[in-house]
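Thanks for making the time, everyone. I would like to walk through one model this morning, starting from a single residue and working outward.

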Amino acid sequence: MPLPKRRHSSTRQAKRRTHYKLDAPSVSTCTNCGETRRSYQICANCGYYSGRIWFTPKPAKETAEAA
Ligand SMILES: [Zn+2]
């Protein structure tokens with residue numbers, strides 16, 4: 001088993017970790033309804049993807065509006 005010869009300093013560790021970051025999810029616009037949606041995913045608003053309907057979205061629940 002290879003072993004590191006020297007311990008890495010906390011500065012070196014911190015410098016490496018500057019590259020660990022989250023990036024915002026890629027978003028595009030639905031061609032059917034114009035809502036923003038996640039790229040390569042079915043539109044949550046109208047259920048369209050790739051020119052055809054994949055599911056019919058249910059109408060908004062009244063309980064969600066009351067809460
Ligand atoms: Zn849509």
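**A tyrosine, a metal site and the surface**

Tyr48 is partly exposed, with a relative accessible area of 28%, where partly exposed falls between buried, under 20% relative accessible area, and exposed, over 50%, using a 1.4 Å probe and protein chains only. Before I go on, a word on provenance: this is a predicted model, in which local features need pLDDT of at least 70 and side-chain atom pairs count only at pLDDT 80 or more, while totals for chains, interfaces and linings use all residues. Residues are numbered from 1 along each chain as its sequence is written, and side-chain values use heavy atoms, with hydrogens and water left out.

Tyr48 sits in strand β3, and I should say that helices (H or I, at least four residues) and strands (E, at least two) are DSSP runs numbered from the N terminus. Which residues does Tyr48 touch, leaving aside those up to four places away in sequence? They are Asn32, Ile42, Cys43, Ile53 and Trp54, a contact being heavy atoms within 4.5 Å. For Asn32, which is 16 residues from Tyr48 along the chain, the C-alpha separation is 6.8 Å.

One of those neighbours, Cys43, brings us to the metal. The zinc ion takes its protein donors from the SG atoms of Cys30, Cys33, Cys43 and Cys46, at 2.2 to 2.3 Å; donors here are N, O and S atoms within 2.8 Å of the metal (3.2 Å for Na, K and Ca), and since water is not among the atoms, sites may look incomplete. The angles subtended by the four donor atoms run from 107 to 112°, which makes the arrangement tetrahedral, a label that requires all angles between four donors to lie between 85 and 135 degrees. Along the chain, the donors follow the spacing C-x2-C-x9-C-x2-C. Cys30 and Cys46 link distant parts of the chain, 16 residues apart, with Cys30 in the loop between β1 (27–29) and β2 (36–38) and Cys46 in the loop between β2 and β3 (48–49). Both Cys30 and Cys46 are buried.

Turning to the surface, Ile42, Trp54 and Phe55 form a nonpolar patch with about 280 Å² of accessible area together. Patches are made of residues with over 30% relative accessible area and no salt bridge (a side-chain nitrogen of Lys or Arg within 4 Å of a carboxyl oxygen of Asp or Glu), with nonpolar side chains (Val, Leu, Ile, Met, Phe, Trp, Tyr) joined within 5 Å and like charges within 9 Å. Areas come from the Shrake-Rupley method with a 1.4 Å probe, and for residues only the protein chains shown count as cover. Trp54 lies in the loop between β4 (52–53) and α2 (62–66) and is partly exposed at 44% relative accessible area.

Two backbone entries deserve a look in the Ramachandran plot. Most residues other than glycine have a negative phi. Tyr40, however, in the loop between β2 and β3, has a positive phi of about 65°, and Ser50, in the loop between β3 and β4, has a positive phi near 55°. Tyr40 counts as exposed at 73% relative accessibility, and Ser50 is exposed at 62%.

Finally, the chain overall has two helices and four strands, in the order α-β-β-β-β-α. Buried residues make up 9% of its 67 residues.

How values were computed
Four donors count as tetrahedral if all angles lie between 85 and 135 degrees; four count as square planar and six as octahedral if opposite donors are over 155 degrees apart and all others between 65 and 115; anything else is irregular.
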